[in-house]
Amino acid sequence: QVQLVESGGGLVQAGGSLRLSCAASGRAFSRYTMGWFRQAPGKEREFAAAILWDSGTTYADSVKGRFTISRDNGKNLVYLQMNSLKAEDTAVYYCAARIGLGATLPTYDYWGQGTQVTVSS
């Protein structure tokens, strides 16, 4: 069992930056693929970024070059550094964990409660 708690969301102006954190409890954190998804009002949850157990990363085209995902296995933490934020990045951001393939799919095993990111234009 893995519990995930996100933090770091808030209100920021367009062009600004935020760093989201996700704290994971449970064993074998380093074995998990960790993902960040987001859901805007009235829209489906969508993939943003993922980092695999071997620290390989993958990003949605919409955030590539602006967002960076990283992990600290010693502290059971995963981060999402978000730069050059746009109004369309406004959403609830969710941290998720899974074992195995499918890093970009919303079929993760464990999910956090989400943190709100609002970008004002």
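Below are four exercises with worked solutions on a predicted model.

**Exercise 1. The open sheet**

Task: State in which order the 4 strands of the open sheet are arranged, and which strands stand at its edges.

Solution:
- Step 1. Read the order. The 4 strands run 1-3-8-7, with antiparallel pairing.
- Step 2. Find the edges. Strand 1 (3–7) and strand 7 each have a single partner strand, so one side of each has no neighbour in the sheet.
- Step 3. Add the twist. From one strand to the next it averages 15°.

**Exercise 2. Strand 8 and its partners**

Task: Work out how many bridges join strand 8 to strand 7, and how many join it to strand 3. Then decide whether strand 8 is largely enclosed or open.

Solution:
- Step 1. Take strand 7. It is joined to strand 8 by 6 bridges, and the two run antiparallel.
- Step 2. Name residues. Ser70 has Tyr79 in strand 8 as its bridge partner. Arg71 has Val78.
- Step 3. Look at the turn. Strands 7 and 8 make a hairpin with 4 residues between them, and Asn76 in that turn has a positive phi of about 55°.
- Step 4. Take strand 3. Here too, 6 bridges lead to strand 8, again antiparallel. Leu18 stands opposite Met82 of strand 8.
- Step 5. Check burial. Of the 6 residues of strand 8, 5 are buried, so the strand is largely enclosed by the rest of the structure.

**Exercise 3. The nonpolar core**

Task: Identify the residues that touch the most other members of the largest nonpolar core.

Solution:
- Step 1. Size the core. It holds 36 residues.
- Step 2. List the top residues. They are Leu4, Met34, Trp36, Leu80, Met82 and Tyr93.
- Step 3. Place the core. Elements giving two or more residues include strand 3 (18–25), strand 8 (77–82) and strand 11 (115–120).
- Step 4. Follow Tyr93. Beyond its neighbours within four places in sequence, its contacts include Leu20, Trp36, Leu80, Met82 and Val117.

**Exercise 4. Rings and charges**

Task: Classify the pair of Phe37 and Tyr108, and find the rings that Arg45 lies over.

Solution:
- Step 1. Count the pairs. The structure has 5 aromatic pairs.
- Step 2. Use the angle. The planes of Phe37 and Tyr108 are 80° apart, with 5.2 Å centre to centre. Over 60 degrees counts as edge-to-face, so this pair is edge-to-face.
- Step 3. Locate both. Phe37 is in strand 4 (residues 33–39); Tyr108 is in the loop between strands 9 and 10, 71 residues apart. Both are buried.
- Step 4. Widen the view. Ring pairs link Phe37, Phe47, Tyr108 and Trp111 into a cluster.
- Step 5. Add Arg45. It lies over the face of Tyr94, 3.8 Å from the ring centre. Its charged end also sits over the ring of Trp111, at 4.8 Å from the centre.

Definitions and conventions
Residues numbered from 1 in each chain as written. Predicted model: local features only at pLDDT ≥ 70, side-chain atom pairs only at ≥ 80, totals over all residues. Heavy atoms only, no water. Phe/Tyr/Trp six-rings, centres within 6.5 Å; stacked < 30°, edge-to-face > 60°. Buried < 20%, exposed > 50% of the residue type's maximum accessible area, 1.4 Å probe, protein only. Lys NZ or Arg CZ within 6 Å of the ring centre and 35° of its normal. Core = buried A, V, L, I, M, F, W, Y, C linked by side-chain atoms within 4.5 Å. Contact = heavy atoms within 4.5 Å. Pairing = 2+ DSSP bridges. Axes fitted to C-alpha atoms, helices over the stretch in contact; angles between N-to-C directions.
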